[in-house]
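Student: Hi, I have a model open and would like to go through it with you. Could we begin with how the helices pack?

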Amino acid sequence: MKYAIIENGVVTNVALADEALGTNWIASDVAQKGWTYDGSTFAAPTVPEPTSIDVNAERNRRMFSTFTFGGVDYDCEPLSLARITGAATLAGFAMGAGAVAGNLRWHGGADDFTWIAADNSLTTMDAQTCFAFGQTAANNQSAHVFAGAAIKAMNPTPQDFASNESYWP
């Protein structure tokens, strides 16, 4: 038989035993740690409705992890995003100054322009590719912001918003 110990109306421990372990232990086949007990009935805890803070945390986790460009995953936490934005801006200026497709030294350096992917592989980029790379990173951020806003607008907020991929880009 399973027995539960109750403290302040909450199951704090359960144990299997042939007989009650003491006067504070209540026999129950269903009780689990964290459940409530009102003196006659055990009840599972209610799951609180997700808040905007919960949705924002999941949005940020997703949008600051990685994004895919050209079939390769790239880091996109705030520092990487700042670097991507800077490189894409530089690429835009280079394109305006006449950088041509295929020129990997558009940035003015002695080496080909190269970006490190999330798996530590290297990707060379001409100015046009780097500019598109920055656009993809920005679109990833925007898509997650709008997905989070759409989730927060739902009433009620779905309990599975974090695990259900259909809510996210």
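**Helix packing and a few single residues**

Tutor: The axes of α1 and α3 cross at roughly 160° and come within 10 Å of each other, which makes α1 roughly antiparallel to α3. Please keep in mind as we go that this is a predicted model.

Student: Which hand does the crossing of α1 and α3 have?

Tutor: The crossing in which α1 passes α3 is right-handed. On the α1 side the contact is made by S52, V55, N56, R59, R62 and M63, and on the α3 side by N140, Q141, H144, V145, G148, I151 and K152.

Student: And how many of the residues in that contact of α1 with α3 are charged?

Tutor: Three are charged, while six are polar and four are nonpolar.

Student: R62 was in your list, so where does R62 lie, and is it buried or exposed?

Tutor: R62 lies in helix α1, which covers residues 52-63, and R62 counts as buried because its relative accessibility is 10%, under the 20% cut-off.

Student: What is R62 in contact with, leaving aside its neighbours within four places in sequence?

Tutor: With those neighbours left aside, R62 is in contact with H144, A162, E165 and W168.

Student: OK, what about α2 and α3, at what angle do they pack?

Tutor: Helix α2 (residues 78-96) and helix α3 (residues 127-153) pack at an angle of about 140°, and their axes are 8 Å apart. The two are therefore oblique to each other, and their crossing is left-handed.

Student: Which residues make the contact between α2 and α3?

Tutor: From α2 the contact takes in L81, I84, A87, A88, A91, G92, A94 and M95, and from α3 it takes in A127, Q128, C130, F131, F133, G134, A137 and Q141. By class, the contact of α2 with α3 has 12 nonpolar and four polar residues, and no charged ones.

Student: There's a cysteine in there, so how many disulfides does the structure hold?

Tutor: The structure holds zero disulfides.

Student: Why is C76 not bonded to C130?

Tutor: The sulfur of C76 has its closest cysteine sulfur in C130, and because the two are 13 Å apart, they are too far from each other for a bond. C76 is buried, with a relative accessible area of 0%, and C130 likewise counts as buried at 0% relative accessibility.

Student: Changing topic, which two residues does the cis peptide bond join?

Tutor: The cis peptide bond joins N155 and P156, with omega at about 5°, and P156 lies in the segment after α3.

Student: S163 is in that part too, I think; where is its place, and is it buried or exposed?

Tutor: S163 also has its place in the segment after α3, and at 57% relative accessibility S163 counts as exposed. S163 and A118 are 45 residues apart in sequence, and their C-alpha atoms are 23 Å apart in space.

Student: Last thing, what is the phi of N8, and where is N8 found?

Tutor: N8 has a positive phi of about 55° although it is not a glycine, and N8 is found in the loop between β1 (2-7) and β2 (10-16). At 83% relative accessibility, N8 counts as exposed.

Student: And what about the phi of N120?

Tutor: N120 has a phi near 75°, a positive value in a residue other than glycine. N120 is found in the loop between β8 (114-116) and β9 (122-124), and N120 is exposed, with a relative accessible area of 59%.

Technical notes. Residues numbered from 1 in each chain as written. Predicted model: local features only at pLDDT ≥ 70, side-chain atom pairs only at ≥ 80, totals over all residues. Heavy atoms only, no water. Axes fitted to C-alpha atoms, helices over the stretch in contact; angles between N-to-C directions. Helix = DSSP H or I, 4+ residues; strand = E, 2+ residues; numbered from the N terminus. Parallel < 35°, antiparallel > 145°, perpendicular 65-115°, else oblique. Left-handed = near helix turned anticlockwise from the far one by under 90°. Contact = heavy atoms within 4.5 Å. Nonpolar A, V, L, I, M, F, W, Y, C, P; charged D, E, K, R; others polar. Disulfide = S-S within 2.5 Å. Buried < 20%, exposed > 50% of the residue type's maximum accessible area, 1.4 Å probe, protein only.
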